[in-house]
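Here are my notes after a look through this one, jotted down point by point. Have the model open while you read.

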Amino acid sequence: MRINQLTFTRFLAAISIVIFHYGKKSFLFNNFIVDFIFNNADVCVSYFFILSGFVMMIAYSNKSNISTKEYFTNRFARIYPLYLLAIFIMFLLQVRTNEIDLSGIFLNVLMIQSWVPGKILSVNAPGWSLSVEFVFYAIFPFLFNKCFNRFKIKPISLYIISFWILSQLVFQVFYYLYAETSTTAKDFIMYNPILHINEFLIGNLAGFIFIKKLQFKKANYDFLILTFAGLTILALKFSVGKIFHNGLLAPLFISLIILISLNNGIITKLFQKKLFVFLGEISFGIYILQYPVYSMFSAYSVNKYFHITDPTLVFFIRLVILIIASSLAYIYVEKPIQNKIKTRNKTASVIENPA
């Protein structure tokens with residue numbers, strides 16, 4: 001099962017994160033009307049984690065059991081080539097500046113940097129979330145084969161929702177007790193995979209309920225989608241001291257994901273346009289290549305070669321370069337490798353299970 005209209009939401013989330021990192025000097029994003037949105041746009045990583053859990057469940061909904069070998073091969077083909085390319089680019093930039101971080105590169109290549117305080121944002125900072133996703137990928141076959149395929153909705157819902165609530169309490173309490181006094185504690189609280197598993201699980205649960213109860217309840221949900229989008233914006237505006245980084249907005253994100261998945265209104269028709277689906281497909285590149293691209297094409301270099309200093313123009317020039325780079329990476333790196341792996345898996349399946 002594939003839900004095309006969800007794909008474009010990845011692009012919106014990825015661009016919001018790029019603005020969070022590099023667009024705050026622009027008057028378009030640094031004004032009293034919208035600044036609170038982009039100052040909190042790192043919450044889109046939480047959206048990615050929840051959406052990942054949902055999509056993984058949908059993707060394997062027609063299987064009674066996950067073949068571990070094929071599953072991990074597909075996951076590897078999906079994220080690692082471009083992830084490794086980003087690390088390689090950053091390594092070359094480090095060589096140029098004679099600031100090589102060998103331990104950081106080692107941890108990043110193994111995708112374990114999110115476990116090591118002080119190294120979490122090393123080499124290619126956005127890569128920390130892929131280190132967390134790696135843990136999600138590792139546990140999903142067990143969850144699917146041993147839990148979701150064996151138990152009913154009610155007990156699974158009870159356990160996952162309870163775990164989510166407990167995770168939010170632990171995160172909020174520990175953040176306010178230790179995050180401001182210890183860098184090591186803050187690294188653990190904000191980035192350690194253990195405190196993000198709740199997001200993936202709640203996404204899994206949403207996908208499980210969608211498959212079992214909701215997938216045929218399609219209708220025009222445009223108004224409800226806009227309502228929940230508005231509620232999400234209001235939550236960011238009036239956060240009342242809460243930190244949304246580790247899944248606190250899950251109820252709103254899940255509502256949006258399910259409503260967009262079921263919607264057949266104008267929003268879905270728009271999101272299903274080929275251009276928007278393509279932008280969603282390159283969103284991984286936009287996310288993981290943002291730091292390498294913005295490092296190569298710094299504000300200084302844009303000023304030097306284009307004689308442009310306006311923060312808004314500088315940001316959009318670099319954004320266009322990022323989108324072009326992500327498009328090329330998707331066409332010439334991501335897609336060919338994924339297709340090759342899928343073809344090999346199908347061939348192996350035929351050999352192992354001849355008709």
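The points below cover aromatic pairs, a charge over a ring, one helix packing and a single threonine.

1. A word on the source before anything else: this is a predicted model. Please read the distances, angles and accessibilities below as values computed from that prediction.

2. Aromatics are where I'd start, since a search of the whole structure turns up 30 aromatic pairs. Take F49 and W128: their ring centres sit 6.0 Å apart with the planes at 90°, so this pair is edge-to-face. Planes over 60 degrees apart are what earn that label.

3. What does the F49 and W128 pair tie together? F49 belongs to helix α3 (residues 44-59) and W128 to helix α6 (residues 128-148), so the pair joins parts that are 79 residues apart in sequence. F49 is buried, at a relative accessible area of 1%, and W128 also counts as buried, with 6% relative accessibility.

4. Y175 and Y176 give another edge-to-face pair, with 5.6 Å from centre to centre and 85° between the planes. Buried or partly exposed? Y175 is buried, with a relative accessible area of 11%, whereas Y176 is partly exposed at 48%. The cut-off for buried is under 20%, so Y175 with its 11% falls on the buried side.

5. Back to F49 and W128, because they also belong to a wider set. Ring pairs link them with Y60, Y71, F72, F136, F140, F144, Y191 and F200 into a cluster. I'd colour that cluster when you go through the model.

6. One arginine deserves a look as well. R75 lies over the face of Y137, and its distance from the ring centre is 5.2 Å.

7. Next, a helix packing. Helix α4 (residues 68-97) and helix α14 (residues 283-296) pack with their axes 10 Å apart, at an angle of about 5°. That angle makes α4 roughly parallel to α14. From α4, the contact uses R78, I79, L82, Y83, A86, I89, M90 and L93; α14 brings F284, G285, I288, L289, Y291, P292, S295 and M296. By type, the residues of this contact divide into 13 nonpolar, two polar and one charged.

8. Last, T7, which has its place in helix α1 (residues 4-22). Which residues does T7 touch, leaving out those up to four places away in sequence? The list is R2, V277, G280 and E281. T7 is buried, with a relative accessible area of 10%.

Terms used:
Residues numbered from 1 in each chain as written. Predicted model: local features only at pLDDT ≥ 70, side-chain atom pairs only at ≥ 80, totals over all residues. Heavy atoms only, no water. Phe/Tyr/Trp six-rings, centres within 6.5 Å; stacked < 30°, edge-to-face > 60°. Helix = DSSP H or I, 4+ residues; strand = E, 2+ residues; numbered from the N terminus. Buried < 20%, exposed > 50% of the residue type's maximum accessible area, 1.4 Å probe, protein only. Lys NZ or Arg CZ within 6 Å of the ring centre and 35° of its normal. Axes fitted to C-alpha atoms, helices over the stretch in contact; angles between N-to-C directions. Parallel < 35°, antiparallel > 145°, perpendicular 65-115°, else oblique. Contact = heavy atoms within 4.5 Å. Nonpolar A, V, L, I, M, F, W, Y, C, P; charged D, E, K, R; others polar.
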